[in-house]
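Ready for a few exercises on reading a protein structure? Try each task yourself before you look at the solution.

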Amino acid sequence: MMANFLVPILADGWRFIGLFAAATFLAALTGAAWLFWPLMVVTLWSIYFFRDPPRGVPQDDGLLIAPADGLVQMVVDAVPPAELGLGDKPLTRVSIFLSVFDVHINRSPCAGTIEVVAYRPGKFLSANADKASEDNERTALALRRADGRLIGCVQIAGYVARRIVCYVKPGQAVVAGERFGHIRFGSRTDLYLPEGARLLVSPGQRMIGGETVMAELDPVVAGPRVAIEF
């Protein structure tokens with residue numbers, strides 16, 4: 001647990017940590033113990049929530065890696081959001097649920113060029129709900145690989161989450177495992193696999209964003225797999 005506190009903190013999180021810490025300090029000055037201890041817990045939790053640990057990213061172009069930390073909630077065949085430009089044919093969708101205790105950084109599942117970044121306002125249903133993919137607020141990204149295949153990744157706000165942050169823009173090149181955004185606080189990330197991809201994860205399995213290999217794009221991946229910290 002302590003190791004998770006001694007990691008870099010997301011720059012966007014310092015203002016929240018500062019606000020909670022200031023409120024905790026004021027409660028201590030006024031002697032309001034009934035308020036001090038809950039605020040102290042919230043301050044420590046905010047530090048934990050906004051942690052941004054480095055990851056050892058597999059450097060193999062034939063792999064798709066997890067775009068988020070969390071639990072694989074479901075694997076279904078579903079038509080991708082229209083804004084992704086992936087067509088109207090069902091593709092394998094892997095949904096990763098991020099609890100308020102997971103790292104909330106989103107990472108690119110592979111190297112490529114951002115082709116689409118499309119924000120759509122919506123509801124704030126529980127991220128566990130299947131309808132969240134269609135009805136909730138979301139930001140959809142389409143990533144064009146060097147081989148021409150499109151990979152779809154969607155940031156979805158949940159019941160608690162009220163803010164989706166995306167760092168990338170159309171035309172921007174990214175490498176595998178590169179941070180492309182985050183969601184506050186509790187959410188879901190959907191990954192749409194291209195046809196022919198071989199799924200390597202199943203519901204109930206825990207993902208480590210930027211590290212866990214989720215799928216192979218070719219039947220056989222040649223060459224040794226290495227990882228670099230990113």
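**Exercise 1: A residue and its far-off neighbours**

Leaving aside its neighbours within four places in sequence, which residues is Met207 in contact with?

*Solution.* Before we start, keep in mind that this is a predicted model.

Step 1. Skip the residues within four places of Met207 in sequence, then look for contacts. You should find Ala66, Ala68, Asp69, Gly70, Val72, Ile96, Val201, Thr212 and Met214.

Step 2. Now see where Met207 belongs. The largest nonpolar core has 23 residues, and Leu64, Met207 and Met214 touch the most other members.

Step 3. Ask which elements build this core. Strands E4 (91-98), E7 (138-144), E8 (150-157) and E15 (213-216) give two or more residues each. Of these, E4 gives the most, with 3 residues.

Step 4. Don't stop there, as a second, separate core has 11 residues, including Leu86, Ala140, Val154 and Ile156.

**Exercise 2: Nonpolar, but on the surface**

Find the surface patch that Leu26 belongs to, and explain why Leu26 counts as exposed.

*Solution.* Step 1. Locate Leu26: you'll find this residue in helix H2, which covers residues 14-30.

Step 2. Check the accessibility. Leu26 has a relative accessibility of 53%, and exposed means over 50%, so Leu26 counts as exposed.

Step 3. Look for its partners. Phe25, Leu26 and Leu29 form a nonpolar patch on the surface, and together they have about 350 Å² of accessible area.

**Exercise 3: Hunting for disulfides**

How many disulfides does a search of the whole structure find?

*Solution.* Step 1. Recall the idea: a disulfide is a covalent bond between the sulfur atoms of two cysteines.

Step 2. The search of the whole structure comes back with 0 disulfides.

Step 3. Check Cys110. Its nearest cysteine sulfur belongs to Cys153 and is 9.5 Å away. A disulfide needs the two sulfur atoms within 2.5 Å, so Cys110 is in no disulfide.

Step 4. Do the check again for Cys153. Here the nearest cysteine sulfur is that of Cys166, 9.5 Å away, and Cys153 is in no disulfide.

Step 5. Are these two cysteines buried or exposed? Buried means under 20% relative accessible area. Cys110 has 2% relative accessibility, so it counts as buried. Cys153, at 5%, counts as buried too.

**Exercise 4: Salt bridges**

Which residue forms a salt bridge with Arg145, and where do the two partners sit?

*Solution.* Step 1. Find the partner. Arg145 forms a salt bridge with Asp61, and their closest N and O atoms are 3.3 Å apart.

Step 2. Place both on the chain. Arg145 is in the loop between E7 and E8, while Asp61 is in the loop between E1 and E2. They are 84 residues apart, and the pair links distant parts of the chain.

Step 3. Check how covered Arg145 is. Its relative accessible area is 4%, so Arg145 is buried.

Step 4. Follow the shared partners. Salt bridges join Asp61, Arg145, Asp147 and Arg149 into one network.

Step 5. Look at two other pairs. Asp190 forms a salt bridge with Arg188, with the closest N and O atoms 3.1 Å apart, and both residues are buried. Arg15 and Asp12 also meet in a salt bridge, at 3.4 Å from N to O. Asp12 counts as partly exposed because its relative accessibility is 22%.

Step 6. Finish with the total: the count comes to 13 salt bridges.

**Exercise 5: Far in sequence, how far in space?**

What separates the C-alpha atoms of Asp60 and Cys110, and what about Arg184 and Phe49?

*Solution.* Step 1. Take Asp60, in the loop between strand E1 (56-58) and strand E2 (63-65). Asp60 is buried because its relative accessible area is 13%.

Step 2. Count along the chain, then go across space. Asp60 and Cys110 are 50 residues apart along the chain, and their C-alpha atoms are separated by 8.8 Å.

Step 3. Turn to Arg184 in strand E11, residues 179-184. Arg184 counts as buried because its relative accessibility is 7%. From Arg184 to Phe49 it's 135 residues in sequence and 9.1 Å in space, C-alpha to C-alpha.

Step 4. Zoom out to the chain. Take the contacts with a separation of 6 or more: residues 24 or more positions apart account for 73% of them. The chain has 4 helices and 16 strands, and buried residues make up 48% of its 230 residues.

Notes:
Residues are numbered from 1 along each chain as its sequence is written. This is a predicted model: local features need pLDDT of at least 70, side-chain atom pairs count only at pLDDT 80 or more; totals for chains, interfaces and linings use all residues. Side-chain values use heavy atoms; hydrogens and water are left out. A nonpolar core is a set of buried Ala, Val, Leu, Ile, Met, Phe, Trp, Tyr and Cys residues joined through side-chain atoms within 4.5 Å. Buried means under 20% relative accessible area, exposed over 50%, partly exposed in between (1.4 Å probe, protein chains only). Contact means heavy atoms within 4.5 Å. Patches are made of residues with over 30% relative accessible area and no salt bridge: like charges are joined within 9 Å, nonpolar side chains (Val, Leu, Ile, Met, Phe, Trp, Tyr) within 5 Å. Accessible areas come from the Shrake-Rupley method with a 1.4 Å probe; for residues, only the protein chains shown count as cover. A salt bridge is a side-chain nitrogen of Lys or Arg within 4 Å of a carboxyl oxygen of Asp or Glu.
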